[in-house]
Amino acid sequence: MEKIDVMLISEGTYPFNGGGVSTWADILCNRVNNVHYTLYSINATFELESRYELGENIKKVLQVPLWTPDEPYDYTSYGAEYYKTVGRKEFTTSSVVTNKFVPLFERLLHIVYNDEKNIEALDQVFYNLWLYFEDYDYKETMRKKVVWDSYVKIVSDYTEEKHNPTATILDLTIGLRWLYRFLIPLAIVEVPKVDIAHLTLSGFPLIPALIAHYKYGAAIMLTEHGVFIRERLLAINNSEYPFFLKDLLIRFSEAVARLTYFKAETIISVNEFNKKWEKMYGADPDKLQIIYNGIDHHLFKPREKPDHLKNIPTVVAAARIFELKDILTMIKSCAVVKDEIPNVQYLIYGDDKAVPEYTAECLALIKELNLEENFKLLGPRPNPHLIFPEGDVSILTSISEGFPYTVLESMGCGIPVVATDVGGVKEALDENSGFTCKPKDAKEIGKCIITLLKDEELRKKMGKHARERVLENFTLAKFIGDYEEAYINVNEIGKKLKAAQTMINYE
């Protein structure tokens, strides 16, 4: 069987960082049988080694660091001949930037700031930006004064027109710096020739997918886990950025999300909840489908609780320590439980180094609530299938989720779950497998934990049902079969588009 070539594009996840999206990607790359993968990994810094063992299906890994002091080309080669790299720098004169790049950049800014988004025009702009950077250097272009001048004029005019607070020089500088970083993938024009560009979020990692589409006619496919634009809006609105920067981030993120939905031939969601947001941002309902995450039920299965925890009421979680997981609410729920069950233990496994400021805030709250003996941050663990059998109950307190693996994994292990009602949690966790609660409601979450810890019969009944629910609906075999079929379908769509010559004529 001839395999389909797929470029799987991620940001801050697989294969260099953990989390639910990485778990999903690792399963795909190791279990799907009809695909060869190239990984296009966008990261904050240049990572030296993969966190995962990469299987035979993975042909190549491309890494693009966005926030390093130097340019991506200074860390790794993307296949461009040296003379082309040097030539691009020499050809990038002030005249070229003024006459060829600035009009495109200004058009991009106008589309971003215009309330009526012209998505076809945005597609055209990115196509022409790709053509431009085929011949000219990214850094030499973006550092020219004429680029700064045009940027300042346009964003200032829009700010004044909307009667918004005036941006400071620092705000303007940070804003252009962000745009510089977000658009860096335009500098990596040597993307591999593939049949499908598979995105794992509807954000700026769309750029390499667009390049593969423009250059080779690759079909674009999107899997939406948590809704990127929803999580982006949550993060931006909770930030302390000044109005100008919040506004810029929101407008740019919304424009790219709309373009992603417009360009994707298939939009796969991990839950029904996502569809509402996707349609709100222009996704064609006919492109939408659901593929639920699946787990290895032979691995995630009921096991004996370890001897050292057998007589201790134990709550477990597998969660990266950062804002979206809302560990602060989890800590507060522990205080609620401790009032009735003084010897309760919360064992939290997950990366506690990713956001040091948030981890410090969590540790301070643990100390403030006198929970040092009850709430333990234990760092990442290499064998997640052994995490949940340590507990009587598992907990998830996220303010945003897609279709969380941790809920399925706990259910597979026969451990009932107390989780916040976000994303697709209720599509996995029915009322007979655990409890769902309002986000940020530590008191309600704590009361549900107390109910399960005190009622052994209910706990065992829910755990048994949870396991059965996984076996019926969320197995690995179903998950893999659905994706193999999705790749075949998207590849056929791509072939038909090329054969009929109905792809957009950008020229």
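This short talk walks through one predicted model, from its sheet to its cores and two of its helices.

Before I start, residues are numbered from 1 along each chain as its sequence is written. Because we are looking at a predicted model, local features need pLDDT of at least 70 and side-chain atom pairs count only at pLDDT 80 or more, while totals for chains, interfaces and linings use all residues, and side-chain values use heavy atoms, with hydrogens and water left out.

Let me begin with the sheet. Six strands, in the order β10-β9-β8-β11-β12-β13, make an open sheet with parallel pairing; strands here are DSSP runs of E with at least two residues, helices are runs of H or I with at least four, both numbered from the N terminus, and two strands pair if DSSP finds at least two bridges between them. At the edges stand β10 (375–377) and β13 (434–437), and each has a single partner strand, so one side of each is left without a neighbour in the sheet. On average, neighbouring strands are turned by 20° against each other, direction ignored, where axes are lines fitted to C-alpha atoms, for helices over the stretch in contact, and angles run from 0 to 180 degrees between N-to-C directions.

To take one pair, β11 (residues 393–396) and β12 (residues 417–420) are joined in the parallel sense over three bridges, and Leu396 has Ala419 in β12 as its bridge partner. Across β8 (314–318), β9 (345–349), β10 and β11 lies helix α12 (residues 327–340), which runs at about 165° to β9.

Where, then, are the nonpolar cores, meaning sets of buried Ala, Val, Leu, Ile, Met, Phe, Trp, Tyr and Cys residues joined through side-chain atoms within 4.5 Å? The largest has 86 residues, and Phe105, Phe126 and Tyr151 have the most contacts inside it. Leaving aside residues up to four places away in sequence, Phe105 touches Met142, Val147, Ser150, Tyr151, Leu176 and Leu179, contact being heavy atoms within 4.5 Å. A second, separate core of 53 residues includes Cys29 and Ala419.

Both Leu176 and Leu179 are among the buried residues of helix α7, buried being under 20% relative accessible area, exposed over 50% and partly exposed in between, with a 1.4 Å probe and protein chains only. What covers the buried residues of α7 includes α3 (94–113), α6 (145–161) and α10 (243–263).

Finally, Cys29 is one of the buried residues of helix α1, alongside others including Trp24 and Leu28.
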